[in-house]
Amino acid sequence: MAELTGIYTASHTPVMLNFPERIPAALRNEIFGAYEAMGRDFEAGQPDVLVVLSNDHLHNFFLNNFPALCIGVAENYESPIEHWLKAKRRVFTGDQAFGAYLLQAALNADFDPAFSMEMVLDHGSLTPLELAGLDPALPIVPILFNCVQPPMPTMRRCYQFGKFLGQAIRDYPGVQRVAILATGGISHDIATPRMGMVNREFDETLLQLMEDGDPNRVVQYATEQVHTAGNGAEEIRMWMAAMGAAGNLPFRRAYYRAVNDWYTGIGIGHFAPTSGKKTSPAHG
């Protein structure tokens, strides 16, 4: 039986790595400090494996074959696949046995994910891992969600998959400690006239509803209002899955800032016991 040592949510955007100077140094240091604090909290749990919930930006999949969910079952994962991303090229070690277990467990639970033994990871996975300073030698199991091309899995379906995932991890006898990192969002728009606009109201409401602890209200709000927060906000599907995996663990925001010059609402959160470690203070 594995223990979930932490379930984290964090925004990703390549602008953080490619154009950090677009925002004032004080704000940049504040944001990077919040990611580093997440990394320290993560490492304190000493996980044996990290499950990364992210999305594919048309690098693994395209219109000829675009699964709603895909579980990585590779021995390793090259990242980043984008040649233009200003990040060190890395090869992350995979936990193939764990990935295969999750794939079979998902099929047994009436989910129908695809699987890949040749998955590559783009900025969606790498950016928060890089900024948090996580050890690239830590084995990972990536799970990619379709957040790019309609039709996409519903918010509720992603939440339900997260519930399955949390239980499957807890039932796994192959490792002792597992962490989850759900990346993506929050509000942002890519390659549209709204690019650069951040819907702070959407972000703040979503975070507050998650802190209130009623998953049905969160899922309903995400379903009904995501269109107001930009096409990139569709990535909150991974946050829905993290919420499902957390079960009754309360959500605490560690950081939030609307950063128009990085095109994104930058949010970091953590599902943890109330008696557990305190998170960093939120920022407006």
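This passage describes the overall build of a predicted model and then turns to several of its local features.

The protein chain, taken as a whole, forms 8 helices and 10 strands. For a chain of 284 residues, a compact globule would be expected to have a radius of gyration near 19 Å, and the value of 17 Å found here agrees with that expectation. Along the principal axes, the C-alpha atoms fill a box of roughly 45 × 45 × 35 Å. Of the 284 residues, 57% count as buried. The accessible surface comes to about 11900 Å², and carbon and sulfur atoms contribute 51% of this area. Contacts that span long stretches of sequence are well represented: among those between residues at least 6 apart, 81% join residues at least 24 apart. As for charge, the chain carries 21 positive and 30 negative side chains, and the centres of the two sets are 5 Å apart.

Helix H4 offers a good place to begin with the local picture. This helix runs over residues 123–132, and 9 of its 10 residues are buried. Among the buried residues are His-123, Gly-124, Ser-125 and Leu-126 at the beginning of the list, and Leu-131 and Ala-132 at its end. The N-terminal end of H4 is capped by Asp-122, which places a side-chain oxygen 2.9 Å from the backbone nitrogen of Gly-124. On the other side, H4 is followed by Gly-133, a residue with a positive phi near 70°. Within the helix, Thr-127 deserves a closer look. Thr-127 has a relative accessible area of 0% and therefore counts as buried, the cut-off being under 20%. Setting aside residues up to four places away in sequence, Thr-127 touches His-12, Thr-13, Met-16 and Leu-17.

Two strand residues can be described in a similar way. Thr-9 belongs to strand E1, which covers residues 3–10. With a relative accessible area of 0%, Thr-9 is buried. Beyond residues up to four places away, Thr-9 touches Met-38, Ala-182, Trp-239, Ala-242 and Phe-251, together with Gly-267, Ile-268, Gly-269 and Phe-271. Several of these partners, including Gly-267, are placed far along the sequence from Thr-9. Val-141 sits in strand E7, residues 140–145, and is likewise buried, at 0% relative accessible area. Apart from neighbours within four places in sequence, the contacts of Val-141 include Val-49, Leu-50, Val-51 and Val-52. Also in contact with Val-141 are Ile-71, Gly-72, Asp-95, Phe-98, Gly-99 and Leu-102. Gly-267, one of the partners of Thr-9, is 126 residues from Val-141 in sequence, and their C-alpha atoms are 23 Å apart in space.

The loops hold some backbone features of interest. The peptide bond from Ser-79 to Pro-80 is cis, with omega near -10°. Pro-80 is placed in the loop between strand E4 (76–79) and strand E5 (90–93). Another cis peptide bond joins Gly-185 and Ile-186, with omega about 0°. Here Ile-186 lies in the loop that runs between strand E8 (177–183) and helix H6 (200–212).

Positive phi values also appear in residues other than glycine. Leu-58 has a phi near 65° and is part of the loop between strand E2 (49–55) and strand E3 (69–72). The relative accessibility of Leu-58 is 39%, so this residue counts as partly exposed. Tyr-263 likewise has a positive phi, near 65°, and is found in the loop between strand E9 (251–259) and strand E10 (264–271).

The loop between E8 and H6 also contains Asn-199. Asn-199 and Ile-186 are 13 residues apart along the chain, with 8.9 Å between their C-alpha atoms. The side chain of Asn-199 makes two polar contacts with the backbone: one reaches the nitrogen of Phe-202 at 2.9 Å, and the other reaches the oxygen of Thr-228 at 2.9 Å. When neighbours within four places in sequence are left aside, Asn-199 is in contact with Ser-187, Thr-228 and Ala-229. Thr-228 thus appears both in the contact list of Asn-199 and as a backbone partner of the Asn-199 side chain.

How values were computed
Residues numbered from 1 in each chain as written. Predicted model: local features only at pLDDT ≥ 70, side-chain atom pairs only at ≥ 80, totals over all residues. Heavy atoms only, no water. Buried < 20%, exposed > 50% of the residue type's maximum accessible area, 1.4 Å probe, protein only. Helix = DSSP H or I, 4+ residues; strand = E, 2+ residues; numbered from the N terminus. Polar contact = N/O pair within 3.5 Å; in protein donor to acceptor, adjacent residues only side chain to side chain. Rg over C-alpha atoms; globule rule 2.2 N^0.38 Å. Contact = heavy atoms within 4.5 Å. Areas by Shrake-Rupley, 256 points an atom, 1.4 Å probe, with all protein chains shown as cover. Lys, Arg positive; Asp, Glu negative; His and termini not counted. Charge placed at Lys NZ, Arg CZ, Asp CG, Glu CD.
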